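Please read the following account with the model open beside it. It goes from the whole chain to single residues and their contacts.

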Amino acid sequence: MEWNLLFFFNSILLGIGLAMDAFSVSLANGLHEPEMKCTKMYGIAGIFAFFQALMPLIGWVCVHTIVGYIRAFEKLIPWIALILLLFIGGKMLAQGIWNRETEDETPKVGLSALFVQGIATSIDALSVGFTIADYSLYKACVCALIIATVTFFICMAGLVIGKKFGTCLSDKASIAGGAILIVIGLEIFITGIF
């Protein structure tokens, strides 16, 4: 494939498509923690961008090395995403219900939860490695960088929107965020299976 406007346009569209789950999770995180500082927002968006770029590259490498194994693993992707997002979403939901009764301070989104969210929302991006298999390694890296950039900005928008509504819905924000994560997990699972 040549370096042309279509390559960049396709990479941006891939980034937008892949970032939708990360956007929803960012929205949930903003709802969950309405007092989040800007540095943490950059970190969250950076984690999602990193995983959204990493997974297509891993898929690209697998296509060029161990394509048979990754095809078998591809059937497990919806199950893995469902389990991870149900776990994190269920935990947020339980914290929201628990904190509602005790009126404690809203719990923060931790680093381990962010890594699990990053993996869960980007694991379906492994299959993009098949889509970009005809790219050279250099072009695949450029494509992944574009995907990461698009994801970063989309996640920042999700965090800002989530924080704004999280302030308005402070007592229900954690419940809403957990429910959003559960719905995303179910959506990934249903579209992946069917």
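**From surface to side chains**

The accessible surface of the chain comes to about 9800 Å², and carbon and sulfur atoms account for 73% of that area. The model is a predicted one. Of the 194 residues in the chain, 45% are buried. The secondary structure consists of eight helices and zero strands, so that the order of elements from the N terminus reads α-α-α-α-α-α-α-α. When contacts between residues at least 6 apart in sequence are taken, 92% of them join residues at least 24 apart.

Two buried residues show such links between distant parts of the sequence. Ala-19 is found in helix 1, which covers residues 5-32. Its relative accessibility is 0%, so Ala-19 counts as buried. Ala-19 and Cys-155 are 136 residues apart along the chain, yet their C-alpha atoms are separated by 7.5 Å. Leaving out residues up to four places away in sequence, Ala-19 touches Gln-52, Thr-151 and Ile-154.

Leu-159 belongs to helix 7, residues 137-168. Leu-159 also has a relative accessible area of 0% and is therefore buried. Beyond its neighbours within four places in sequence, Leu-159 is in contact with eight residues' worth of surroundings that include Ser-26, Leu-27, Asn-29 and Gly-30, and also Met-36, Met-41, Ile-44 and Ala-45. The C-alpha atoms of Leu-159 and Glu-33 lie 9.4 Å apart in space, with the two positions 126 residues apart in sequence numbering.

Asn-29, one of the contacts of Leu-159, also takes part in a polar contact. The side chain of Asn-29 meets the side chain of Gln-117 at 2.8 Å. Gln-117 is placed in helix 5, residues 111-122. With a relative accessible area of 1%, Gln-117 is buried, because the limit for that class is under 20%.

Glu-33 leads on to the charged groups. Side chains of opposite charge can pair when their charged atoms come close. The structure holds one salt bridge. Lys-40 forms it with Glu-33, and the closest N and O atoms are 3.0 Å apart. How do the partners stand with respect to the surface, buried or partly exposed? Lys-40 has a relative accessible area of 24% and is therefore partly exposed, whereas Glu-33, at 6%, is buried.

The aromatic side chains come next. A search of the whole structure finds six aromatic pairs. One of them joins Phe-50 and Phe-51: the ring centres are 5.3 Å apart and the planes stand at 75 degrees, so the pair is edge-to-face, for which the angle must be over 60 degrees. The two residues fall into separate accessibility classes: Phe-50, at 47% relative accessibility, counts as partly exposed, and Phe-51, at 7%, counts as buried.

Elsewhere, Phe-7, Phe-8 and Tyr-135 form one aromatic cluster. Lys-139 lies over the face of Phe-7, at 4.8 Å from the ring centre. Lys-139 also lies over the face of Tyr-135, where the distance from the ring centre is 5.6 Å. Two members of the cluster thus have the lysine over a ring face.

Terms used:
Residues numbered from 1 in each chain as written. Predicted model: local features only at pLDDT ≥ 70, side-chain atom pairs only at ≥ 80, totals over all residues. Heavy atoms only, no water. Helix = DSSP H or I, 4+ residues; strand = E, 2+ residues; numbered from the N terminus. Buried < 20%, exposed > 50% of the residue type's maximum accessible area, 1.4 Å probe, protein only. Contact = heavy atoms within 4.5 Å. Areas by Shrake-Rupley, 256 points an atom, 1.4 Å probe, with all protein chains shown as cover. Polar contact = N/O pair within 3.5 Å; in protein donor to acceptor, adjacent residues only side chain to side chain. Phe/Tyr/Trp six-rings, centres within 6.5 Å; stacked < 30°, edge-to-face > 60°. Lys NZ or Arg CZ within 6 Å of the ring centre and 35° of its normal. Salt bridge = Lys/Arg side-chain N within 4 Å of Asp/Glu carboxyl O.
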